[in-house]
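Q: Please take a close look at a single part of this structure, the sheet and what surrounds it. I would like one connected account rather than a list.

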Amino acid sequence: MPSTEPDAETVSEGVSGAAVPVFGLITPGDWYRIPLRPRERREASMSALIKRQFAGVDDQPVLRRKVEEQLRGTAEAGVGQGGVVLYLSFLEAGGIPLSASLLVSHLHQRFDSLDAVAALAGTGEVGVVTLPEAGRVARLLRRQRTKQARKLGSEFEDTVVEYFVPVPDRDEVLMLTFSTPLEPIADAMVGLFDAVAETLRWQRPAEETKGERE
């Protein structure tokens, strides 16, 4: 399993408007970042990804169109969930793709970690954890068999890990939604997700020295 830190990039994303806290995450170098807002940036990022993935491949127009449609659908679904940025994993181990995604969403709702735990009770393995820089947050681990998996005839379940992180001094919550369809190595992927979540940190826009401003 690859480390989360070599060749990783620190990225700061705006949560809402100006003069509010921004967050930084360290993700694996082979995770591709798609800003979801504004639409122009989203489209440009997706186009660049498709171009990269099909570089030198000119005889697969049907596959290219299908991948593009799936990517656009995933991104638009993320926007509908309040997403601000989407990461897609292109990591490989032994030539096997380690499929995963991370959607970072912004919820206009205030609740602390205990509130979240109470609200999420019964939906999966839920509890309070402490992130090194972000403090106490709610963490939910659940498994689900998606419509897409059923359509493809797969018997595997997606493993989803969600973090609910209060935004400092705001009536808002940052939600990290990690997901992987790789049920046979789900435990290892969950370990990777937790390691990425532990890099979350807050800072004010004036303090930014690296990364991109959302």
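A: What follows is a walk through the sheet and its surroundings.

This is a predicted model, in which local features are given where pLDDT is at least 70 and side-chain atom pairs count only at pLDDT 80 or more, whereas totals for chains, interfaces and linings use all residues. Residues are numbered from 1 along each chain as its sequence is written, and side-chain values rest on heavy atoms, with hydrogens and water left out.

The protein chain holds five helices and twelve strands, the helices (H or I, at least four residues) and strands (E, at least two) being DSSP runs numbered from the N terminus. Of its 214 residues, 44% are buried; here buried means under 20% relative accessible area, exposed over 50% and partly exposed in between, with a 1.4 Å probe and the protein chains only. Among contacts (heavy atoms within 4.5 Å) between residues at least 6 apart in sequence, 57% join residues at least 24 apart.

Seven strands make up the open sheet, in the order β3-β4-β7-β11-β10-β9-β8, with antiparallel pairing; two strands count as paired if DSSP finds at least two bridges between them. The edges are held by β3 and β8, each of which has a single partner strand, so that one side of each is left without a neighbour in the sheet. From one strand to the next, the twist averages 20°, where axes are lines fitted to C-alpha atoms, for helices over the stretch in contact, and angles run from 0 to 180 degrees between N-to-C directions.

At one edge, β3 is mostly covered, since five of its five residues are buried. W31, R33 and P35 point one way from this strand, whereas Y32 and I34 point the other way. In a regular strand the side chains alternate between the two faces of the sheet. Five bridges join β3 to β4 (residues 83–89) in the antiparallel sense, and P35 stands opposite V85 of β4. The helix α1 packs on the sheet, where it touches β3 and β4, and its direction makes about 150° with that of β3.

Between β3 (31–35) and α1 (39–53) runs a loop that contains P38. The peptide bond between R37 and P38 is cis, with omega about -5°. At 43% relative accessibility P38 counts as partly exposed, and its C-alpha lies 10.0 Å from that of V79, although the two are 41 residues apart in sequence.

Further into the sheet, β10 pairs with β11 (residues 173–180) in the antiparallel sense over eight bridges, and the bridge partner of F164 is M175 in β11. The loop between β10 and β11 contains D169, which has a positive phi of about 60° although it is not a glycine. Most residues other than glycine have a negative phi, and most peptide bonds are trans. With a relative accessible area of 68%, D169 is exposed.

S179, by contrast, is placed in β11 itself and counts as buried, at 17% relative accessibility. Leaving aside residues up to four places away in sequence, S179 touches S99, A100, S101, D158, T159, V160 and F193.

At the β8 side of the sheet, the helix to consider is α3 (residues 113–120), in which S113, A116, V117 and L120 are buried. Seen down the axis of α3, these residues fall within an arc of 100°, so they line one face of the helix; the arc is that of the directions from the helix axis to the C-beta atoms. L114, A118 and A119, on the other side of α3, are exposed. The buried residues of α3 pack against β8 (125–131), β9 (135–144) and β10 (158–166). After the helix comes G122, with a positive phi near 90°.

There remains the nonpolar interior. The largest nonpolar core has 31 residues, of which F23, W31, V104, Y163, L174, L176 and F178 touch the most other members; such a core is a set of buried Ala, Val, Leu, Ile, Met, Phe, Trp, Tyr and Cys residues joined through side-chain atoms within 4.5 Å. At least two residues of this core come from each of β2 (22–27), β4, β7 (101–107), β9, β10, β11 and α5 (186–197), and α5 gives the most, with six. Another core, of twelve residues, lies apart from this one and includes L36, M46, I50 and A75.
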